[in-house]
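This briefing groups computed features of a structure by topic. Please read it alongside the sequence and the coordinates.

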Amino acid sequence: MSETNRAACSDGDEEQVSGAEVIAQALKTQDVEYMFGIVGIPVTEIAVAAQKMGIRYVGMRNEQAACYAASAIGYLTGRPLIVIGGSSERSQETMGAFQEFPQVEACRLYSKFSARPSSIETIPSIIEKAVRSSIYGRPGACYVDIPADFVNLQVNVNSVRYMECCMPPPVSIAETSAICMAATVIRNAKKPLLIIGKGAAYARAEEGIRKLVERCKLPFLPTPMGKGVIPDNHPNCVAAARSRALQFADVIVLFGARLNWILHFGLPPRYQPDVKFIQVDICAEELGNNVKPAVTLLGDINAVTKQLLEQFDKTPWQYPPESSWWKTLREKMKSNEAASKELASQKSLPMNYYTVFYHVQEQLPRDCFVVSEGANTMDIGRTVLQNYLPRHRLDAGTFGTMGVGLGFAIAAALLAKARNTGQRVICVEGDSAFGFSGMEVETICRYNLPIILLVVNNNGIYQGFDVDSWKEMLKFGDATAVAPPVCLLPNSHYEQVMTAFGGKGYFVQTPEELQKSLRESLADTTAPSLINIMIEPQATRKAQDFHWLTRSK
Ligand SMILES: Cc1ncc(C[n+]2csc(CCOP(=O)(O)OP(=O)(O)O)c2C)c(N)n1
Ligand SMILES: [Mg+2]
């Protein structure tokens with residue numbers, strides 16, 4: 001608010017402050033650094049006040065993408081997402097006010113804490129509680145509802161008390177007896193396996209887990225978002241024999257990895273029926289989901305890992321590197337890698353997924369962020385594109401939500417820019433996935449973030465038609481009646497979405513064109529680019545022992 005306004009609103013000689021300014025100050029006091037959103041009545045003033053307070057405001061093109069971006073910043077910095085929503089005026093509640101909706105109740109289902117302050121004076125304590133709830137225990141989003149009339153309402157500046165920034169989350173450790181039991185189970189394992197999940201990445205447990213892997217010489221697998229906690233090219237990484245490792249392991253230690261669909265619920269046929277799980281998790285309710293664990297280690301994953309390390313320091317132990325288990329895993333990795341290489345080296349055009357990712361991997365800077373979404377695009381890309389640093393892969397993860405990619409990429413690029421690391425963001429999108437938040441390309445160009453978008457274009461969802469088959473099909477009737485629901489328009493020029501806003505666009509059909517466009521995009525550190533990569537519309541994954549979503553039948 002300007003000084004003149006302030007004076008005009010002042011009540012006697014008391015200085016006045018608006019609801020918007022109180023929100024901004026309360027967020028700043030809780031160390032909030034970024035705000036993502038779309039403004040309009042009644043929240044515009046909140047964004048303006050936040051900017052004045054030194055919070056970076058990033059205007060997005062869709063609230064979903066704004067939330068995805070904010071959640072990625074939260075994951076990367078350990079400060080999860082607070083959603084602030086403008087709601088209708090209190091005096092019009094139940095009358096059918098503009099955009100009236102039971103937002104607090106609706107958000108309760110999706111958040112750890114959902115509340116509407118009862119007055120401007122209570123905003124700081126509600127915001128402190130929202131921030132604290134979002135980072136304590138298992139992290140998660142929180143919602144604060146702001147009635148429209150609060151935004152411009154003025155109160156006496158001395159009537160508002162700001163809560164100090166909440167303390168960092170307390171660190172909990174596991175019971176000593178459980179740690180001893182876990183160490184014993186690991187020592188007695190014939191076919192051990194560590195699984196490193198997103199929780200380990202979030203807990204910044206990379207140093208401890210790496211020590212454990214190297215001291216005990218244990219094989220490990222990352223989950224999709226656990227990639228990079230230990231580099232993918234570490235000799236103990238058995239990701240290339242994932243199915244085999246899961247299927248025959250007799251002891252599995254889960255570091256912040258849930259036994260959900262991504263890990264096939266921990267059940268046969270993907271696992272041995274008597275496999276012993278050791279679960280390390282910050283969330284007590286997670287322990288015992290789907291399978292009864294042999295040992296549960298409740299606590300901060302970094303702290304629990306250190307407890308385990310101390311145990312193995314006291315009585316050193318190594319899993320024998322010459323065991324038949326290591327041999328089985330190495331052989332399977334070799335044959336799987338050979339099969340991928342064989343597909344990658346195919347010279348036929350249009351290219352297949354493996355050829356594309358092989359060429360991308362060749363040029364990928366080791367410190368870059370890899371963002372990805374799609375179905376085949378994400379699943380195959382994950383196996384070929386390597387991560388060498390923790391928290392440098394962001395993908396559609398547990399929910400498999402399409403549309404997250406551009407928001408995630410924007411968040412990673414903003415952090416890279418703020419930290420001045422020169423790190424690049426490579427965002428690998430299926431053509432369908434790209435469509436969900438495609439207009440965020442304008443956001444990328446507006447903030448001039450040098451993101452490289454790769455659209456792996458097979459003209460469809462999982463698969464599509466080539467242009468001739470598409471035309472042939474249309475002879476049989478209207479597209480709504482005859483087009484397979486997975487099909488998208490063939491040969492769409494997605495790169496023109498980028499050129500429309502001043503970035504660089506490439507339409508590539510051959511490995512040489514891909515290599516050249518990627519080299520140029522990487523060399524240009526000042527501008528974003530989009531490489532639209534045409535692949536064989538019927539290309540698929542290489543044969544799998546099990547489908548990713550194994551049905552129980
Ligand atoms: C929000 C949302 N809507 C729909 C889906 C269903 N879905 C799963 S993958 C996918 C897109 C896959 O196609 P694409 O991104 O082109 O990748 P491809 O498999 O073709 O490489 C869709 C729409 C979803 N996961 N999330
Ligand atoms: Mg596709």
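Are N458 and G460 buried or exposed? N458 is buried, and G460 is buried too. The model discussed here is predicted. The points below cover the metal site, aromatic and charge contacts, nonpolar cores, annotated regions and one strand residue.

**Magnesium site**

- The magnesium ion (ligand 2) has three kinds of entry in its coordination list: D431 through OD, N458 through OD1 and G460 through O, at 2.0 to 2.1 Å.
- Along the sequence, the donor residues of the magnesium ion (ligand 2) follow the spacing D-x26-N-x1-G.

**Aromatic pairs and a charge over a ring**

- The count of aromatic pairs is seven.
- One of them joins Y68 and F408 in an edge-to-face arrangement, with 6.5 Å centre to centre and 80° between the planes.
- Y68 belongs to helix α4 (residues 63–77) and F408 to helix α16 (residues 405–419), so this pair ties together parts that are 340 residues apart in sequence.
- Y68 has a relative accessibility of 17% and counts as buried, because the cut-off for buried is under 20%.
- F408 is buried as well, its relative accessible area being 10%.
- F434 and Y494 form another pair, with ring centres 5.7 Å apart and planes at 80°, so the pair is edge-to-face.
- F434 lies in helix α17 (residues 431–436), while Y494 lies in the loop between α20 (479–482) and α21 (495–499); the pair therefore ties together parts that are 60 residues apart in sequence.
- F434 counts as buried at 2% relative accessibility, and Y494 is buried with a relative accessible area of 15%.
- R366 places its charged end over the ring of Y388, 3.9 Å from the ring centre.

**Nonpolar cores**

- The largest nonpolar core holds 137 residues, of which F36, F255, L297, I451 and L453 touch the most other members.
- Helix α16 supplies the largest share of this core, 10 residues.
- Leaving aside residues up to four places away in sequence, F255 touches L194, I195, I196, G197, A200, I209, L212, V280, I301, T305 and L308.
- Another core lies apart from the largest one and has 28 residues, among them Y506, L514, I535 and A539.

**Annotated regions**

- An unreviewed UniProt entry annotates residues 182–308 as "domain: Thiamine pyrophosphate enzyme central".
- Over residues 182–308 the chain is 29% helix and 18% strand, and the C-alpha atoms at the two ends are 8 Å apart.
- The unreviewed UniProt entry gives residues 377–533 the annotation "domain: Thiamine pyrophosphate enzyme TPP-binding".
- Helix makes up 42% and strand 16% of residues 377–533, with the end C-alpha atoms 11 Å apart.
- The annotation "transmembrane region", also from UniProt (unreviewed entry), covers residues 396–416.
- In the model, residues 396–416 are 57% helix and 0% strand, and the end C-alpha atoms are 21 Å apart.

**Strand β1**

- S18 is found in strand β1, which spans residues 16–18.
- S18 counts as buried, at 7% relative accessibility.
- Among residues beyond four places away in sequence, S18 touches V151, N152, L153 and Q154.

Conventions: Residues are numbered from 1 along each chain as its sequence is written. Chains are lettered from A and ligands numbered from 1 in the order in which they are written. This is a predicted model: local features need pLDDT of at least 70, side-chain atom pairs count only at pLDDT 80 or more; totals for chains, interfaces and linings use all residues. Side-chain values use heavy atoms; hydrogens and water are left out. Donors are N, O and S atoms within 2.8 Å of the metal (3.2 Å for Na, K and Ca); water is not among the atoms, so sites may look incomplete. Buried means under 20% relative accessible area, exposed over 50%, partly exposed in between (1.4 Å probe, protein chains only). Rings of Phe, Tyr and Trp (its six-membered ring) pair if their centres lie within 6.5 Å; planes under 30 degrees apart count as stacked, over 60 as edge-to-face and the rest as tilted. Helices (H or I, at least four residues) and strands (E, at least two) are DSSP runs, numbered from the N terminus. A charge sits over a ring if NZ of Lys or CZ of Arg is within 6 Å of the ring centre and within 35 degrees of the ring normal. UniProt positions are given in the numbering used here, feature names are shortened, and annotations may be inferred rather than shown by experiment. A nonpolar core is a set of buried Ala, Val, Leu, Ile, Met, Phe, Trp, Tyr and Cys residues joined through side-chain atoms within 4.5 Å. Contact means heavy atoms within 4.5 Å.
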